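Let's take a walk through this model, starting at an open pocket and ending among the helices. Keep the 3D view open as you read.

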Amino acid sequence: MGDADWDNEVEQMHQIEEPPAPLLAEPPEIKLFNRWSCEDVHVQDMSLSDYISVKDKFARFLPHSAARFASKRFKKAQCPIVERLVNSLMMHGRNNGKKLMTVRIVKHSFEIIHLTTGENPLQVLVNAIINSGPREDSTRIGRQGTVRRQAVDVSP
């Protein structure tokens with residue numbers, strides 16, 4: 001009787017119980033101002049997709065990260081595009097350093113864009129940046145020792 005109980009305990013110890021699968025909590029979707037998703041924004045221009053940072057690791061709830069994007073060359077390309085818009089609005093003396101005010105202005109303007117167009121304001125901003133790219137540039141043409149500028153078309 002004692003040996004049979006011992007054998008049952010040894011068998012139970014050898015049976016390895018599989019631990020329950022760990023529950024992976026999905027991170028919440030990051031929406032700008034808790035309203036507009038960054039996931040469905042698409043940059044149509046292939047040449048600008050590296051410089052318009054709006055998806056994945058560049059997504060923020062607020063365009064106020066206080067990160068140092070000017071510390072290295074070309075690091076400002078990693079700055080979220082809405083934060084770059086906010087930073088560019090903080091200019092001309094009376095608006096210097098008033099980032100919260102410009103964040104509020106951008107939030108209200110995005111709300112107006114959403115109400116009038118019904119689209120994602122981030123997509124509207126990305127399309128506006130793509131459309132504002134240069135279509136014409138100038139190059140140097142040299143003839144017989146003289147140099148003059150000549151207008152040429154460039155891709156957007």
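**From the pocket to the helices**

Start with the largest pocket, which is lined by Leu48, Tyr51, Ile52, Phe74, Lys76, Ala77, Ile81, Arg84 and Ile129. Bear in mind that this is a predicted model. The pocket has a volume of about 180 Å³. Sort its lining by class and you get seven nonpolar residues, two charged ones and no polar ones. The charged pair is Lys76 and Arg84.

Next, look for enclosed space. The structure holds one cavity of 30 Å³ or more, and the largest cavity has about 80 Å³ of space in it. It is lined by 13 residues, and those closest to its centre are Leu32, Phe58, Arg60, Pro80 and Val82. By class, this lining splits into ten nonpolar, one polar and two charged residues. Which helix gives the most to the lining of the largest cavity? That would be α2, with three residues.

So let's turn to α2 itself. Helix α2 covers residues 81-89, and helix α3 covers residues 99-117. The two pack with their axes 9 Å apart, at an angle of about 120°. Angles from 65 to 115 degrees count as roughly perpendicular, and because the α2/α3 angle is about 120°, α2 is oblique to α3. The crossing of α2 past α3 is right-handed. On the α2 side, the contact uses Val82, Glu83, Leu85, Val86, Asn87 and Leu89. Facing them in α3 are Lys99, Thr102, Val103, Val106 and Phe110. Count this contact by class and there are seven nonpolar, two polar and two charged residues.

Now follow α2 to its other partner here, helix α4 (residues 121-131). Their axes come within 11 Å and cross at roughly 70°, which means α2 is roughly perpendicular to α4. Ile81, Val82 and Leu85 of α2 make this contact with Leu122, Leu125 and Ile129 of α4. What classes do the residues of this contact fall into? Six are nonpolar, with no polar and no charged residues. A couple of these names should look familiar: Ile81 and Ile129 also line the largest pocket. Val82 and Leu85, for their part, also take part in the contact of α2 with α3.

That leaves α3 and α4. Their axes are 9 Å apart and the packing angle is about 95°, so this pair is roughly perpendicular too. From α3 come Phe110, Ile113, His114 and Thr117, which meet Pro121, Leu122, Val124 and Leu125 in α4. The class count here is six nonpolar, two polar and no charged residues. Phe110 is worth finding on screen, since this α3 residue meets α4 and is also part of the contact with α2. On the α4 side, Leu122 and Leu125 meet α3 and also touch α2.

Key: Residues are numbered from 1 along each chain as its sequence is written. This is a predicted model: local features need pLDDT of at least 70, side-chain atom pairs count only at pLDDT 80 or more; totals for chains, interfaces and linings use all residues. Side-chain values use heavy atoms; hydrogens and water are left out. Axes are lines fitted to C-alpha atoms, for helices over the stretch in contact, and angles run from 0 to 180 degrees between N-to-C directions. Helices (H or I, at least four residues) and strands (E, at least two) are DSSP runs, numbered from the N terminus. Angles under 35 degrees count as roughly parallel, over 145 as roughly antiparallel, 65 to 115 as roughly perpendicular and the rest as oblique. A crossing is left-handed if the near helix is turned anticlockwise from the far one by less than a right angle, and right-handed if clockwise. Contact means heavy atoms within 4.5 Å. On a 1 Å grid over the protein atoms alone, a cavity is a set of points where a 1.4 Å probe fits but cannot get out, and a pocket is an open set with protein on both sides within 12 Å along at least five of seven lines; lining residues have an atom within 4 Å of a point. Grid points are joined across faces, edges and corners, and a volume is the space filled by probe spheres set on the points.
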